[in-house]
Amino acid sequence: TTAAPKVTTVKTTAAPKVTTVKTTAAPKVTTVKTTAAPKVTTVKTTASPEVTEIITSARPEVTTIAVPEEPPVVTTELNEDKVMSVRLSTYELKLNVLQGGSVTVTLLPPTAPNTAIRWSCSDNSIAAVDYDGWILGLKEGNCIVTATSLDNPDVSAAIRVTVTDPNRITDIRASKTSMRIKEGEGDVSNVTLFPLTARDRTVNWYSDNVEVAVVDELGWVTGIKPGTCNITAVSRNNSDVKIVIPVTIYSDTPVTEPASAAPPVTSHPATAIPEAPTAAPVTSQTAAAVPETVPAATSVAVPATTVPTTTTTTTTTTTTTTTAAATTIVTTTTKAVTTSAPVTTTAGEDPTKITSISLSKTEINIGVYEGDISYVTMYPKTAYDKREKWVSSDPTIATVDNEGWIYGLREGTCIVTVTSVNNPAVKADIVVTVKEPKVEEIKLSVYSLDLAVGEGGISYVTMLPANAPDKSEIWTVSDPSVASVDDEGWVVGKSDGVCTVTVRSRANPSVKAEITVTVGTGYSSSSSFSDDPLRVEAIMLNTYAMELGIGSGGSAQVTMFPINATDKSEIWTTSDPSVAIVDDWGYIIGKKAGTCTVTVRSRANPSVRAEIQVTVRGSAAVSTTVPASASHRVRVENGITYIDDILVVNKSYSLPADYSPGINATAAHMFTVMVSDAKKEGLSITYTSGFRSYAYQDALYKDYVSQYGQAAADRFSARAGHSEHQTGLAIDVNTADDSFTGTPEAYWLEKHAHEYGFIVRYPAGKEAVTGFQYEPWHIRYLGVQTATAVYNSGLTLEEYLGIDSYYH
C-alpha cells in the first residue's frame, strides 16, 4: 500500500476448536480498476485463531483480490460434542381427529452424546404432542409441531400437521328440492348427510313461517294455511351445512283438465267405485273396480284380486295383462265407461301404512365404546309417517339412541330392534356383537432411568389402541434389592446395581415394555426435582370418598401446594377401570358395582399424590344435593333427577352417559313459533345449537380446557353429563358469545321467552347461583306455565327449586 496501514486487532474470548485453511498454490494477484475510489482492504489471518489483523489502506484507489489458481482444500475440525442439525423422516403429517402418529428424528452429528428433544405445538387445541413426539389430532385445522434439540436450542425442525375430522358433516342433499302440499296435509323431503361415515347424522328442522307450515323433528311438513315458506334442514354436527326447501301450501285440489283427443297416459291407484244404477249387467273377471268415467287410453294399475265386477260397457275393447309382480293392468280404449249397477270390490292396502322395513345391515360388529348404524328404509314409500322406535335387548352390552346409533358398552351379543311407529307390527332386528379391544402396544416416555440410592423416578405409559377399555398396568422388577416399583410405576433406587422394571397390560399380559434402571451413588435421577424450589410438595382434595351410580360421574377439586408451584399438571389413574374410569381432567364415571381407588399425582413430582375411594352402586346414585325446601317433590329415574317434574341438570345434578333423547319436539315447535313472532317485530332469532350427546360435550369441554384452562372453562362450559344441551331442551341462539349481549334480540328474549315456554337460563349477576357466567343466548324450555312462573318470580331455576350448582 502507498501509506502506512492501520492495524486493528480483534481478540475473541474463547476458541475451543481450531479451523485451518490450507491452499495448494500461491494465489495470483488480480488488479481491478473501478470508477469510484474503493478502499483497499486486505484481511490476513494468523496461524493462531485468537488474533485477526485487518489492514485498511489510507488511499483506496485499487482493489486487489487474491484468487487461488486452484480451489482451496479446507480442513475443518468439527465440534463432535454438539448437535448441529435435526433431520425428520417427513415434514408433513396428516391425521384424523383422535388419530395419532409420529416421525423419526435424526440428530447430527450422530456422535453427539445429548440426543434429548423438546417437542412443542403451535396450537394445542388442534393437536397435542407428548414427550416422545407422539402427535394426537384433536380437532380440524393446521398447526406446526417443532422438535428442538435441548443440547443446542438454536437447532430445530418443524412438522406441518393437518388434522381432519372424518365425522364432520360437509354436505346435505334433499330428495325434494321443493314441495307443494294441500292445506291440512303433509309431506316429507328425505335428506342425506355426507360423508356417509359421519356418526352424528342428526338433522334439525325449522320453518321460517309456522303460520303457513310447521315441521317436526323428523322433517314431516304439515300445511297450516295457504301461502309459502321455507323449511330449513340443518346438520347438528355442522351448523354451517344446511339446505332450504321452498314449500307452497294450497287450499283446493288442482283442477284436472278435460280429456283431449289424444290425452297423455296417466297412472292412477286403484280406487273404490260409488254405487250406480245398472241395466243388462255384464260380469267381468277384472282385477279391480273401474271408475265411473275414465278418460280415453287410460291405464289403471291395481293389485291382482278375484273379485267380480258388474258393469255395462259401450264399444269397449279390453286387454288384460298380468305382470311378474302379480299386478293386473286394465287398458280401455273407449271414450268412456259408464256403470249402471253397483260394483263390488276389495280395496287394496293402505298406501299410508308401513308394511315392511329394510336395513342396510342386519349384523353389526363393534368394539367397546365404538358405534355404528344400520340405515332404515320403510315401505311403501307413499307412507308419510316413517318414525322409528329403537330398543336394545340388553342395554348393558349395547345402547341405541332415537336415531338408531348403536354404541357398544361391554363384550357380548344382543339384538337391536327398530319398530315402525306408524305400524308397530312391522319391525326389523339387528344382531349386534360387541368385542372388547385389548391392549396391543405399550409406549414409554423413557426406557432407562439413572437413579441415586433413595431417589425415585417414573416412565409415563401410553397403551394402544386408545379405545382399549382396560389399560390397567402390572409392574414388576427383576431385582428388588436394586430398585422397587409400586403399582403406579414409581421406581425407587435401593442399592447400587442394574435391574429391569417391566410393565405389562393386565388385560393382555403378553404385551409389555421394559425400563433399564441403573442405581449408583454417583447418579442423580433425571426425575429428581430437588433443585426446583417451586415443585409441588402436597396435594389436597375437597373430598376423599365418592359414591356413584352406574353411568353417573363426579370429580374432586384438586389444590396443589405451594400455590405458586410452576407446574401443577395432574396425572389421573384408577386401580380398577372395570369399576370406574377417570379422564385426564379427573372426571370419574361409574362402570359397574364395586370399589376402587382413583389416584391423582403431580406430573412435576410424581411422588406426591392423593387418593379417592370410589364406591359404585348397582343403580344410578341419587345426588347428595337436596332441595332447600321439603315442599319440592324429588324423584330419580334411571339416573335422571326430576324436581317438581322438571328435569334438572347443572353442576350438582348429572345425566347418565347413555341418555340421548335428541331435540325435544315440543321445544323445537315452540321455538319456531317464537322465531316467527320475533320476525314480525323486525327481529332475527336463529338456531345455533341444540341437543348435544355426552361424548360430544366431553370433547367440547376438553377442547376449552386445553385452550383456556379448567378454571376458566368451568365458567362457560359444562362438563360431560352436566350440560343442559344433553336434555334436548336447551337451545343456543344467534352468536353464542358476548357479541349477543345487549342486542335487541337478547333484550326481547329476556322479556318474552317465557311466553313460549323458555327462560334465559343463566341471567346476569347470578354466576354464583347457576355456576355459569351470563349467557343471554342460552334458553331452556320448561313449558309456558312453568317458564312464566319462574320468570314472574324473578329467580333463577336453582333459586326457584331451592338447589345449588357446583361440582361436588
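Tyr 704 is partly exposed in this predicted model, with a relative accessible area of 24%. The tyrosine belongs to helix α2, which covers residues 694–708, and Tyr 708 stands 4 residues away from Tyr 704 in that helix, a separation of about one helical turn. The two rings form a pair with centres 6.4 Å apart and planes at 35°, and the pair is therefore classed as tilted. The angle falls between the limits for the other two classes, because planes under 30 degrees apart would count as stacked and planes over 60 as edge-to-face. Phe 716 joins Tyr 704 and Tyr 708 in one aromatic cluster. In total, the structure holds 7 aromatic pairs.

Helix α2 also carries a charged pair. Lys 702 forms a salt bridge with Asp 698, and the closest N and O atoms lie 3.3 Å apart. Like the tyrosine pair, these residues are in helix α2 at a spacing of 4 residues, and about one helical turn separates Lys 702 from Asp 698. Lys 702 is partly exposed, at 25% relative accessibility.

A second aromatic pair is formed by Phe 758 and Tyr 781. Their ring centres are 5.2 Å apart and the planes meet at 65°, so the arrangement is edge-to-face. Phe 758 lies in strand β64 (residues 758–762) and Tyr 781 in strand β65 (residues 775–781), and the pair thus links distant parts of the chain, 23 residues apart. Both rings belong to buried residues: the relative accessible area is 0% for Phe 758 and 14% for Tyr 781. The two strands pair with each other in the antiparallel sense over 4 bridges. Within this pairing, Val 760 has Ile 779 of β65 as its bridge partner. Strand β64 is largely enclosed by the rest of the structure, because 5 of its 5 residues are buried.

At the level of the whole protein, the secondary structure comprises 7 helices and 65 strands. Of its 808 residues, 41% count as buried. The exposed area is about 41400 Å², of which carbon and sulfur atoms supply 53%. Among contacts between residues at least 6 apart in sequence, 62% join residues at least 24 apart.

Charged side chains were examined next. Side chains of opposite charge can pair when their charged atoms come close. The search of the whole structure finds 26 salt bridges. One of them joins Glu 140 to Arg 168, with 3.3 Å between the closest N and O atoms. Glu 140 is in the loop between β14 (135–137) and β15 (141–149), whereas Arg 168 is in the loop between β16 (156–164) and β17 (171–174), so the salt bridge ties together parts that are 28 residues apart in sequence. Both partners are partly exposed, with a relative accessible area of 36% for Glu 140 and a relative accessibility of 29% for Arg 168.

Another salt bridge is formed by Asp 187 and Lys 176, whose closest N and O atoms are 2.8 Å apart. Here too the pair links distant parts of the chain, 11 residues apart: Asp 187 is in strand β19 (residues 186–188), and Lys 176 is in the loop between β17 and β18 (179–182). Lys 176 is partly exposed, at 30% relative accessibility. Elsewhere, Glu 211, Lys 225, Asp 677 and Lys 680 are linked in a network of salt bridges.

Charged groups are also placed over aromatic rings. The charged end of Arg 635 sits over the ring of Tyr 642, at 4.2 Å from the ring centre. Arg 603 lies over the face of Tyr 460, where the distance to the ring centre is 5.1 Å.

The surroundings of one tryptophan were also examined. Trp 475 is located in strand β45 (residues 473–477) and counts as buried, at 10% relative accessibility. Leaving aside residues up to four places away in sequence, Trp 475 touches Ser 459, Val 461, Val 485, Asp 486, Asp 487, Glu 488, Gly 489, Val 501, Thr 502, Val 503 and Ile 515. Gly 489 is 14 residues from Trp 475 in sequence, and their C-alpha atoms are 6.3 Å apart in space.

Definitions and conventions:
Residues numbered from 1 in each chain as written. Predicted model: local features only at pLDDT ≥ 70, side-chain atom pairs only at ≥ 80, totals over all residues. Heavy atoms only, no water. Phe/Tyr/Trp six-rings, centres within 6.5 Å; stacked < 30°, edge-to-face > 60°. Buried < 20%, exposed > 50% of the residue type's maximum accessible area, 1.4 Å probe, protein only. Lys NZ or Arg CZ within 6 Å of the ring centre and 35° of its normal. Contact = heavy atoms within 4.5 Å. Areas by Shrake-Rupley, 256 points an atom, 1.4 Å probe, with all protein chains shown as cover. Salt bridge = Lys/Arg side-chain N within 4 Å of Asp/Glu carboxyl O. Pairing = 2+ DSSP bridges.
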